[in-house]
Amino acid sequence: MVSRFLSVLFILTHLIPLGRPCTADGVFLPPGAPPTLPPPKSTHDWSPYRNDIEFATAEFTFKQRHMSNAAADTLFDLMAALLAKHDDNPPFADHKDLHKVIDATQLGDVPWQGFSVKYSGERPENVPSWMDDEYDVWYRDPRMMAHNILANPTYKKEIDYTPFREYDAADDTRRWKDFMSGDWAWQQADEISKDPNTHGSTFVPIILGSDKTTVSVGTGNNEYYPLYASIGNVHNNVRRAHRDALVIIGFLAIPKTNRKDAKEDIFRNFRRQLFHRSLSTILSSLKPGMTEYEVLRCGDGHFRRVIYGLGPYIADYEEQLVLSCSVKNWCPKCLALRLDLDGGGIYRSREHTDLMISELPADTLWFEYGVNSHVTPFTNDFPRADIHQLLSFDLLHQLIKGAFKDHLVDWVVKYLRITHGTKRGDEIMADIDRRIAAVASFPGLRRFHEGRDFRQWTGNDSKALMKVFIPAIEGHVPQDMVRAFRALLEFCFLVRRNIITEDTMNQIQDALTRFHHYRQIFETSGTVPHFSLPRQHSMTHYVDMIRLFAAPNGLCSSITESKHIKAVKDPWRWSSKNNALGQMLLCNQRLDKLAASRVDFATRGMLNGSV
């Protein structure tokens, strides 16, 4: 093992040297050797644009304002009329000329591909229409997307090329921050290092995330199923900050049928298997690079040998059930009994699940172990991949929207109505809303002018309510309910920290213990019958998962949900709404090319003092 001091921190790196710079042919360089720089490009080369004005105009019209084709044509016509008297031309003749130039950009060019899937199983006498339908899946090569992220020079000081463990030099206590400081990356390095040919390579974990999103309720409830990818090497703050370290790599199919057929097991299993086969196909280009290294140029200018691996998957509980082939109301990570989740159980694993499937009948697996044996997880097609372990924590849906908003806040309403009757209970809730609305203006606090009773809750709404809800309910509910809220909020705020220490871990466990103790008041008061709730149960896994994946805020579904706006909702809004998906794919591709051009021009110092 190699260690070094950094300020007051003690960094421990892996026994086998990893992330070593090399030549383009894969020959390792001696320590301290400078990178092999690419051929220099002129600081006057704005290709495919003619000059800075043309690039700035493209960014402004397509990315910043995203003008309609008609509006862009009008703008260019006005510019042409103004410049004609100077015998000059506008940057673009019309919107077609603009799109043609953007499309000519080679940087960031990862084209969309597609394939179709159709049901091929047994057919009943009366064949439902969904069995004859074809389901289109669109995707971009995740390997090339990983190349682009690794090569981005803006990340060169915010990326880790090797797993490490970080300690406080004062007392040797460990701390977890960015993904590569967790034990999972270290364990993967142990596995990869068993092959001497991989020694010195950079391990690149592919982080995935998917979640259906609705773009318009008013025009037919249009749904899309985006798939996102990132790499675990970039620091958590980069992944969270909309800096193109999380990219859209696919649009999955959403099979639909009538209400009757939708309840049939054969349709549900087809829908799940379509999901897994689609993921397996999309990610197939990564598979050769999971056992044999390839050489890539990284953002710091050095070439490195790279080995890929499937990393954590960001998903809410419903998506986790599909991913892990688990049954509803069971935990997808452990074998705790469905009606006694907090009674504990050993962790699920790929090997154990495969063994059970080979030995037990399907009904036993379903009802006694929560396993859907009719579907095979996509991770079974890849080395070193266990879907049960790879399911990440989800601060947004498990804690903020789940345990806090959907559970405790709603339970308070239910408790007040049970204890005081509906009329008096609603009067007390009205007083709680008045207290919330009366919160004084203060930095970091949000004003709820109508209290907490609004139709559409967002994650930000729930986070803001967390800060003011305890004083609002004080005096209206038993003290143990207030203490339950306090323990839950302590847990939430602790796990949302950017840096988690061993002392923080002890505080997290203590807050969880107190929460479990004080929440009993909701059961003894008749508010809820039990606490066997998957989202609350997930809290018991947080300490172990922090040790594996480091700080949870780098793997939260709020990251993918915020990406919906840029990658799905805005492109849909800018489309003609007729066969919108094709337009959305092209829009994303052009936005990526503009972003790549900006990085290239900025790296060469060409944007300093430009328009």
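**Salt bridges in the predicted model**

At a relative accessibility of 4%, Arg 519 counts as buried in this predicted model, and this residue forms a salt bridge with Asp 342, with the closest N and O atoms 2.6 Å apart. The pair links distant parts of the chain, since Arg 519 lies in the loop between α17 (502-518) and α18 (520-524), whereas Asp 342 lies in the loop between α9 (317-324) and α10 (350-359), the two residues being 177 residues apart. Asp 342, at 29% relative accessibility, counts as partly exposed, because the buried class is confined to values under 20%.

A further salt bridge joins Glu 166 to Arg 175, for which the closest N and O atoms are 2.7 Å apart. Glu 166 is buried, with a relative accessible area of 9%, and Arg 175 is likewise buried, its relative accessible area being 17%.

Within helix α13 (residues 395-437), Arg 434 and Asp 431 are placed 3 residues apart, about one turn of the helix, and a salt bridge is formed between Arg 434 and Asp 431, the closest N and O atoms being separated by 3.6 Å. Arg 434 has a relative accessible area of 52% and is therefore exposed, while Asp 431, at 23% relative accessibility, counts as partly exposed.

Beyond these pairs, Arg 486, Glu 490, Asp 510 and Arg 514 are linked in a network of salt bridges. For the model, the count comes to 30 salt bridges. In general, side chains of opposite charge can pair when their charged atoms come close.

Definitions and conventions: Residues numbered from 1 in each chain as written. Predicted model: local features only at pLDDT ≥ 70, side-chain atom pairs only at ≥ 80, totals over all residues. Heavy atoms only, no water. Salt bridge = Lys/Arg side-chain N within 4 Å of Asp/Glu carboxyl O. Buried < 20%, exposed > 50% of the residue type's maximum accessible area, 1.4 Å probe, protein only. Helix = DSSP H or I, 4+ residues; strand = E, 2+ residues; numbered from the N terminus.
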